[in-house]
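Here's a quick look at how the strands in this model are arranged. Have the viewer open while you read.

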Amino acid sequence: MKKLITVIATAAALFRPCAGSADLNPKLVGRWPDQSPTRPSKVATDGHYALVPASSNLQVIDISDAANMRVVASLEVSGGISDLAMSAGLASVAAGSSGLHIVGISNPIQPRRVSSFDTSGSATAVAISGSLAYLTETR
């Protein structure tokens with residue numbers, strides 16, 4: 001199962017069921033040609049944009065046209081990117097030994113670091129529910 005998830009994330013493919021039909025089988029509608037030296041294993045979306053880690057950079061990808069996805073911005077994140085989640089124009093980034101970073105994506109062409117929280121260990125995963133970010137860490 002993990003291998004399948006990795007393959008889909010690596011290809012950065014966008015799937016969706018056929019609209020207006022009873023067929024709920026995924027159909028490939030676009031692919032992002034990843035050129036980064038390290039293959040991304042995470043993706044988060046919010047509206048017409050997706051966030052994908054590339055080494056220690058957070059890439060903002062315009063996905064409004066699935067056939068022509070493109071990187072519109074990139075932001076360096078110290079500590080690397082273990083996980084990420086997006087909600088309401090904000091990205092929560094689990095950044096290993098650098099803790100949790102909150103990145104503003106309200107202007108996707110100019111993402112900006114809004115704040116950070118230094119954890120006592122290494123931030124490994126993050127999820128958002130409402131106005132709360134849930135973070136796991138290893139010590």
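Which residue in β6 stands opposite asparagine 57? In this predicted model, that spot belongs to glutamate 76. The pair sits where strand β5, residues 57-62, meets β6; the two run antiparallel and are joined by 6 bridges.

Zoom out a bit, and β5 and β6 turn out to belong to an open sheet of 4 strands, ordered β3-β4-β5-β6 and paired antiparallel. Its edges are β3 (44-46) and β6 (70-76), and each of these has a single partner strand, so one side of each has no neighbour in the sheet. Going from one strand to the next, the twist averages 25 degrees.

Now for the other sheet. Here the order is β7-β8-β9-β10, again an open sheet of 4 strands with antiparallel pairing. At the edges you'll find β7 (83-87) and β10 (112-117); because each has a single partner strand, one side of each is left without a neighbour in the sheet. The twist from one strand to the next averages 20 degrees in this one.

What does β7 pair with over 5 bridges? That would be strand β8, residues 90-94, in the antiparallel sense. If you want a residue pair to click on, take serine 87: its bridge partner in β8 is leucine 90.

Here are the two strand pairs in a table:

| Strand pair | Sense | Bridges |
|---|---|---|
| β5 and β6 | antiparallel | 6 bridges |
| β7 and β8 | antiparallel | 5 bridges |

Methods: Residues are numbered from 1 along each chain as its sequence is written. This is a predicted model: local features need pLDDT of at least 70, side-chain atom pairs count only at pLDDT 80 or more; totals for chains, interfaces and linings use all residues. Side-chain values use heavy atoms; hydrogens and water are left out. Two strands pair if DSSP finds at least two bridges between them. Axes are lines fitted to C-alpha atoms, for helices over the stretch in contact, and angles run from 0 to 180 degrees between N-to-C directions.
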